[in-house]
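Please look through the structure shown here before reading on. The paragraphs below go from strand pairing to the core and then to single residues.

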Amino acid sequence: MSHFQGNTGTLIIVVARAKNLPNRRKMEKQNPYCLLRISNLTDKTKADIRGGQNPLWDEEFRFNISPEVQPILKLSILDETKKAPVLV
């Protein structure tokens with residue numbers, strides 16, 4: 001895999017919304033949130049309570065990127081439950 005060859009900088013990501021997510025709940029709407037990962041850096045949106053299959057977040061995230069950080073963004077959408085989060 002190639003590594004970032006540039007200078008240190010800030011990557012700005014805006015997580016706006018999701019559309020037509022699979023419905024993982026049978027009786028109620030899901031509470032989805034987005035988990036962002038770049039190398040060992042992580043952050044997440046707030047859960048959109050009862051956001052269902054079309055959640056709205058509109059949140060901005062900033063990641064400091066340097067030559068030591070592998071610049072591969074991984075996004076996961078999870079359902080916040082009373083138990084462990086469930087991958088949507």
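Which residue in β5 is the bridge partner of Arg37? The partner is Lys74. This is a predicted model, in which local features need pLDDT of at least 70 and side-chain atom pairs count only at pLDDT 80 or more, while totals for chains, interfaces and linings use all residues. Residues are numbered from 1 along each chain as its sequence is written, and side-chain values use heavy atoms, with hydrogens and water left out.

The protein has six strands and zero helices; helices (H or I, at least four residues) and strands (E, at least two) are DSSP runs, numbered from the N terminus. The order of elements from the N terminus is therefore written β-β-β-β-β-β. The C-alpha trace spans about 50 × 20 × 20 Å along its principal axes.

The bridge between Arg37 and Lys74 belongs to the pairing of β2 (residues 32-38) with β5 (residues 73-79), two antiparallel strands joined by seven bridges. Two strands pair if DSSP finds at least two bridges between them. Another residue with a bridge partner in β5 is Ile38, which is matched with Leu73. Arg37 also has a partner in β3, namely Thr42. There, four bridges join β2 to β3, again in antiparallel fashion. The two strands form a hairpin with two residues between them, and Ser39 in the turn has a positive phi of about 55 degrees.

These pairings are part of an open sheet of four strands, in the order β3-β2-β5-β6 with antiparallel pairing. Its edge strands, β3 (41-44) and β6 (86-87), each pair on one side only. On the β2-β3 side of the picture, Lys44 lies over the face of Tyr33, at 4.7 Å from the ring centre; a charge sits over a ring if NZ of Lys or CZ of Arg is within 6 Å of the ring centre and within 35 degrees of the ring normal.

β1 and β4 are also paired: eight bridges join them, and they run antiparallel. Within this pairing, Ile12 has Arg62 of β4 as its bridge partner.

Burial comes next. A residue is buried under 20% relative accessible area, exposed over 50% and partly exposed in between (1.4 Å probe, protein chains only). Of the 88 residues, 34% count as buried. β2 is mostly covered, with five of its seven residues buried. In a regular strand the side chains alternate between the two faces of the sheet. β4 shows such an alternation: Trp57, Glu59, Phe61, Phe63 and Ile65 point to one face and are buried, while Leu56, Asp58, Glu60, Arg62 and Asn64 point to the other and are not.

Which residues have the most contacts inside the largest nonpolar core? They are Val15, Leu36 and Phe63, in a core of 14 residues. β1 (9-17), β2 and β4 (56-65) each supply at least two residues of this core, and β4 gives the most, with four. A nonpolar core is a set of buried Ala, Val, Leu, Ile, Met, Phe, Trp, Tyr and Cys residues joined through side-chain atoms within 4.5 Å. In soluble globular proteins, nonpolar side chains tend to be buried together.

Contact means heavy atoms within 4.5 Å. Leaving aside neighbours within four places in sequence, Val15 is in contact with Cys34, Leu36, Thr45, Trp57, Asp58, Glu59 and Phe61. Asp58, with the same neighbours-within-four exclusion, is in contact with Val14, Val15 and Ala16. Is Asp58 buried or exposed? Asp58 counts as exposed because its relative accessible area is 59%. Its C-alpha atom is separated by 6.6 Å from that of Arg17, 41 residues apart along the chain. Among contacts in the protein between residues at least 6 apart in sequence, 63% join residues at least 24 apart.

The last region is the loop between β4 and β5, where Ser66 lies. Ser66 is buried, because its relative accessible area is 13%. Its side chain makes a polar contact of 2.9 Å with that of Glu68; such a contact is a pair of N or O atoms within 3.5 Å, where within protein one must be able to donate a hydrogen and the other to accept it, and residues adjacent in sequence count only if both atoms are side-chain atoms. Ser66 and Asn7 are 59 residues apart in sequence and 6.3 Å apart in space, C-alpha to C-alpha. Asn7 is placed in the segment before β1 and counts as exposed, at 66% relative accessibility.
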